[in-house]
Amino acid sequence: MTLLDEAAAAEPGRPARPARPALVRELLLVAGLFLVYKVGRQLAADHTGEAFHNARDVWDLERWAHLPDEGRVQSLLLHGDTLVHLANTYYATVHFPATVGLLVWLYLRRPAHYVWTRRVLAAVTAAALVLHLTFPLAPPRMLGAAHLVDTARVYGPSVYGPPKTDHLSNQFAAMPSLHFGWALMVALALIAATRSRWRRLWLLHPLFTLLVIVGTANHYWLDALAATALLALALVAIPRPRRAAAAGRIPAQAAPAGENVLVGAAR
């Protein structure tokens, strides 16, 4: 399916303004996807025994694969209360606002990239929900064999309550890590939508996120690897907008006078 969806008569070289999806429709769509995801997470919230069994398997698999011990990252954070508190704050406050901020900016300034990004995020989140339902996983902070500190509970701030009474989130949905998957997509979307020579510095956001989710014992390394794999599949399946269309320009050779061309962003 093409990312260009609105016909407009254009003359050679004449600028074309990318179409912006209807705001109300987008708000309803995003809200609907969020509610479906939250309901789906709750459906998997009661599989405690299976979640801990899977956690032991994931921990053993990481040791067999000689992946770095998550405890080494955590030990760096535990050198001081300030550093671990900052890591907990990053985990609690950056993930969702950064993603929403990106979507708002793209909607206003890069409509074609907005649609592409929204589609990719929706695909990754839907795939993650399926994995959460079929493979419940307790995070390493709950796994005794990991010998890790629940830094959010000990140092604060924490976004989770006690698992038995926390009805707002599913704490047994560690794999894949949407914290990391969304952060990586935020960086890739900004790199694709901007032209600054410094734009690759946006990759620091997923790098910091990775260190935070592992160091605070909220995720295993394999959770981030699973999120990366799902994102890669989504990026292959959902092509980026063509540069000329995304920038609102129509190449003269591609738009003969009097011929309708497709510009803007698909809905």
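Which backbone oxygen does the side chain of T99 reach? The legends below take up this and other close-up views of a predicted model.

**Figure 1. The surroundings of T99 in helix α5**. The side chain of T99 reaches the backbone oxygen of H95, at 3.0 Å. With a relative accessibility of 4%, T99 counts as buried, and once residues up to four places away in sequence are set aside, T99 touches L121, W182 and V186.

**Figure 2. The protein chain as a whole, given as the setting for the closer views.** The secondary structure of the protein chain comes to eleven helices and two strands, which follow one another along the sequence in the pattern β-α-α-α-α-α-α-α-α-α-α-α-β. The protein chain has 267 residues, of which 46% count as buried, and its accessible surface comes to about 13,900 Å², with 66% of that area belonging to carbon and sulfur atoms. Among the contacts in the protein chain with a separation of 6 or more, 85% are accounted for by residues 24 or more positions apart.

**Figure 3. The largest nonpolar core and the contacts of M185**. This core has 36 residues, and those that touch the most other members are W116, V120, F180, M185 and L210. At least two residues of the core are supplied by each of α3 (70–77), α4 (81–93), α5 (95–109), α6 (111–134), α8, α9 (204–215) and α10 (221–237), and α8 gives the most, with ten residues. When neighbours within four places in sequence are left aside, M185 is in contact with W116, T117, V120, L121, L231 and L235. Apart from the largest core lies another one, of 17 residues, which includes M142, F172, A174 and A217. As general background, nonpolar side chains in soluble globular proteins tend to be buried together.

**Figure 4. Two of the aromatic pairs, F52 with F172 and Y107 with Y114**. A search of the whole structure finds three aromatic pairs. In the pair of F52 and F172, the ring centres are 5.8 Å apart and the planes stand at 65°, so the arrangement is edge-to-face, given that planes over 60 degrees apart are assigned to that class. This pair links distant parts of the chain, for F52 belongs to helix α2 (residues 48–64) whereas F172 lies in the loop between α7 (151–155) and α8 (178–193), 120 residues apart. F52 is partly exposed, with a relative accessible area of 23%, while F172, at 6% relative accessibility, counts as buried. The pair of Y107 and Y114 is likewise edge-to-face, with 5.3 Å from centre to centre and 85° between the planes, and both Y107 and Y114 are buried.

**Figure 5. The polar contact of N54 in helix α2**. From helix α2, the side chain of N54 reaches the backbone oxygen of P136 at 2.7 Å. N54 counts as buried, at 8% relative accessibility, and is in contact with F135, P136 and L137 when its neighbours within four places in sequence are left aside.

**Figure 6. The charged end of R63 over the ring of W59**. The distance from the charged end of R63 to the centre of the W59 ring is 4.1 Å.

**Figure 7. Cis peptide bonds in the loop between α7 and α8, and positive phi values at H66 and H147.** Most residues other than glycine have a negative phi, and most peptide bonds are trans. A cis peptide bond joins G156 and P157, with omega of about -10°, and P157 lies in the loop between α7 and α8. The peptide bond from M175 to P176 is also cis, with omega near -5°, and P176 has its place in the loop between α7 and α8. Although H66 is not a glycine, its phi is positive, at about 60°; H66 lies in the loop between α2 and α3 and is exposed, with a relative accessible area of 71%. H147, also not a glycine, has a positive phi of about 55°; H147 lies in the loop between α6 and α7 and is exposed, with a relative accessible area of 70%.

**Figure 8. L225 of helix α10 and S177**. L225 and S177 are 48 residues apart in sequence, and their C-alpha atoms are 8.5 Å apart in space. L225 counts as partly exposed, at 49% relative accessibility.

Conventions. Residues are numbered from 1 along each chain as its sequence is written. This is a predicted model: local features need pLDDT of at least 70, side-chain atom pairs count only at pLDDT 80 or more; totals for chains, interfaces and linings use all residues. Side-chain values use heavy atoms; hydrogens and water are left out. Rings of Phe, Tyr and Trp (its six-membered ring) pair if their centres lie within 6.5 Å; planes under 30 degrees apart count as stacked, over 60 as edge-to-face and the rest as tilted. Helices (H or I, at least four residues) and strands (E, at least two) are DSSP runs, numbered from the N terminus. Buried means under 20% relative accessible area, exposed over 50%, partly exposed in between (1.4 Å probe, protein chains only). A charge sits over a ring if NZ of Lys or CZ of Arg is within 6 Å of the ring centre and within 35 degrees of the ring normal. A nonpolar core is a set of buried Ala, Val, Leu, Ile, Met, Phe, Trp, Tyr and Cys residues joined through side-chain atoms within 4.5 Å. Contact means heavy atoms within 4.5 Å. A polar contact is a pair of N or O atoms within 3.5 Å; within protein, one must be able to donate a hydrogen and the other to accept it, and residues adjacent in sequence count only if both atoms are side-chain atoms. Accessible areas come from the Shrake-Rupley method with a 1.4 Å probe; for residues, only the protein chains shown count as cover.
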